[in-house]
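Work through these exercises with the model open in front of you. Try each task before you read its solution.

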Amino acid sequence: ILLIGTYINLVWTILNLFPVLPLDGGKLVLIVMEKLFGIKGERIAYAISFVVAAVFALLFLIMQQLFAGAIFSLFAFESYRGFVQGEHATDIDDNDEIKQMLDEG
């Protein structure tokens with residue numbers, strides 16, 4: 001039981017660091033991209049998330065891991081939706097007050 005628990009914990013930790021939103025790795029990429037590119041960085045982060053999620057969804061589906069493939073397909077869809085919604089963001093949306101709070105965090 002301890003070996004199985006260790007394996008599950010290790011796999012989940014690695015999986016959680018993939019640069020796919022809403023996983024932790026995706027949130028880290030989002031923070032870094034927003035810091036580097038401002039409001040446009042959000043679209044870049046969603047694009048990265050979409051590509052990575054789509055590749056993993058395809059890989060899992062090829063390996064006949066239907067549940068994991070379905071989850072990553074949903075992640076890819078949500079990332080695409082976030083990318084499309086970010087189309088309407090402009091530099092005016094780049095609030096200096098929020099940037100200051102991010103720097104303090």
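**Exercise 1.** Is Arg-81 buried, partly exposed or exposed? Find its salt-bridge partner too.

*Solution.*
- Step 1. This is a predicted model, so the values below are computed from predicted positions.
- Step 2. Arg-81 has a relative accessibility of 41%. Partly exposed means between 20% and 50%, so Arg-81 counts as partly exposed.
- Step 3. Look for the partner. Arg-81 forms a salt bridge with Glu-78. Their closest N and O atoms are 2.9 Å apart. The cut-off is 4 Å.
- Step 4. Check Glu-78 as well. At 38% relative accessibility, Glu-78 counts as partly exposed.
- Step 5. Place the pair. Arg-81 and Glu-78 both lie in helix 4. They are three residues apart, about one turn of the helix.
- Step 6. Search the whole structure. The search finds one salt bridge.
- Step 7. Recall the general idea. Side chains of opposite charge can pair when their charged atoms come close.

**Exercise 2.** Which residues form the largest nonpolar core, and which helix gives the most to it?

*Solution.*
- Step 1. List the members. The core has eleven residues: Leu-15, Phe-18, Val-20, Leu-23, Val-52, Ala-53, Ala-57, Phe-60, Phe-72, Phe-75 and Ala-76.
- Step 2. Sort by helix. Helix 3 and helix 4 each supply at least two residues of this core. Helix 3 gives the most, with four residues.
- Step 3. Look for a separate core. Another one lies apart from it, with six residues, including Leu-30, Met-33, Ala-45 and Tyr-46.
- Step 4. Zoom in on Phe-18. Leaving aside neighbours within four places in sequence, Phe-18 is in contact with Leu-23, Gly-25, Gly-26, Phe-56 and Phe-72.
- Step 5. Link this to a general trend. In soluble globular proteins, nonpolar side chains tend to be buried together.

**Exercise 3.** Is Ser-49 buried or exposed? What does it touch?

*Solution.*
- Step 1. Locate Ser-49: it is found in helix 3.
- Step 2. Buried means under 20% relative accessible area. Ser-49 is at 0%, so it counts as buried.
- Step 3. Skip residues up to four places away in sequence. Ser-49 then touches Pro-19, Val-20, Leu-21 and Ser-79.

**Exercise 4.** How do helix 2 and helix 3 cross?

*Solution.*
- Step 1. Find residues 24-37 for helix 2 and 40-62 for helix 3.
- Step 2. Their axes come within 7 Å and cross at roughly 145°. The crossing is right-handed.
- Step 3. Name the contacts. Val-29, Leu-30, Met-33, Glu-34 and Phe-37 in helix 2 meet Lys-40, Gly-41, Glu-42, Ile-44, Ala-45 and Ile-48 in helix 3.
- Step 4. Sort by class. The contact has seven nonpolar, one polar and three charged residues.

Conventions:
Residues numbered from 1 in each chain as written. Predicted model: local features only at pLDDT ≥ 70, side-chain atom pairs only at ≥ 80, totals over all residues. Heavy atoms only, no water. Axes fitted to C-alpha atoms, helices over the stretch in contact; angles between N-to-C directions. Left-handed = near helix turned anticlockwise from the far one by under 90°. Contact = heavy atoms within 4.5 Å. Nonpolar A, V, L, I, M, F, W, Y, C, P; charged D, E, K, R; others polar. Buried < 20%, exposed > 50% of the residue type's maximum accessible area, 1.4 Å probe, protein only. Core = buried A, V, L, I, M, F, W, Y, C linked by side-chain atoms within 4.5 Å. Salt bridge = Lys/Arg side-chain N within 4 Å of Asp/Glu carboxyl O.
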